[in-house]
Amino acid sequence: TRGRMTVELTELGFAVTPSRANFVWCRRDDRPVRPIYEALKARNILIRYMSYPGYGDGLRMTVGTPAEVEQLLAGLRAALA
C-alpha cells in the first residue's frame with residue numbers, strides 16, 4: 001500500500017521521501033502544501049501538515065488500508081483540481 005501511495009503521489013506532482021515507516025512524507029515545489037492540507041481536512045481526511053527547518057513544509061500521510069488510501073488519493077485529486 002505504501003508503494004502504491006508513493007507512485008500515485010509522485011504522479012500527482014508530490015516529491016515523496018523514501019519510507020519504510022507506516023507513513024510517507026511529501027512536499028510540493030510548485031505550491032504551498034498547507035492549502036492542500038486544509039482542503040483534505042474540510043473533507044474529513046486527516047493528515048498532518050508539518051514544517052521543519054531543513055525539510056520545509058510537507059505533509060505526513062499515514063499508510064492505511066487500501067480503501068483509506070483510495071479515499072486519500074481521491075481527496076487529493078479533488079483538492080488539486
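The strand pairing of a β-sheet and the packing of a helix on it are described here for a predicted model.

The sheet is open and consists of 4 strands in the order 1-2-4-3, paired in the antiparallel sense. Strands of a sheet pair through backbone hydrogen bonds, in either a parallel or an antiparallel arrangement. The edge positions are taken by strand 1 (15–17) and strand 3 (48–52); each has a single partner strand, so one side of each lacks a neighbour in the sheet. From one strand to the next, the twist averages 35 degrees.

Helix 1, spanning residues 2–11, packs on this sheet and touches strand 1, strand 2 (23–27) and strand 4. The direction of helix 1 makes an angle of about 10 degrees with that of strand 2.

The pairings can be followed across the sheet from strand 1. Strand 1 and strand 2 are antiparallel and share 3 bridges; Val-16 has Cys-26 of strand 2 as its bridge partner. These two strands form a hairpin, with 5 residues between them.

Strand 2 is in turn joined to strand 4 by 4 bridges, again with antiparallel strands. In this pairing, Val-24 is matched with Met-61 of strand 4 as its bridge partner. On the way to the other edge, strand 4 (residues 56–62) is linked to strand 3 through 5 bridges, and the two strands run antiparallel. Here the bridge partner of Tyr-49 is Leu-59, a residue of strand 4.

How values were computed: Residues are numbered from 1 along each chain as its sequence is written. This is a predicted model: local features need pLDDT of at least 70, side-chain atom pairs count only at pLDDT 80 or more; totals for chains, interfaces and linings use all residues. Side-chain values use heavy atoms; hydrogens and water are left out. Two strands pair if DSSP finds at least two bridges between them. Axes are lines fitted to C-alpha atoms, for helices over the stretch in contact, and angles run from 0 to 180 degrees between N-to-C directions. Contact means heavy atoms within 4.5 Å.
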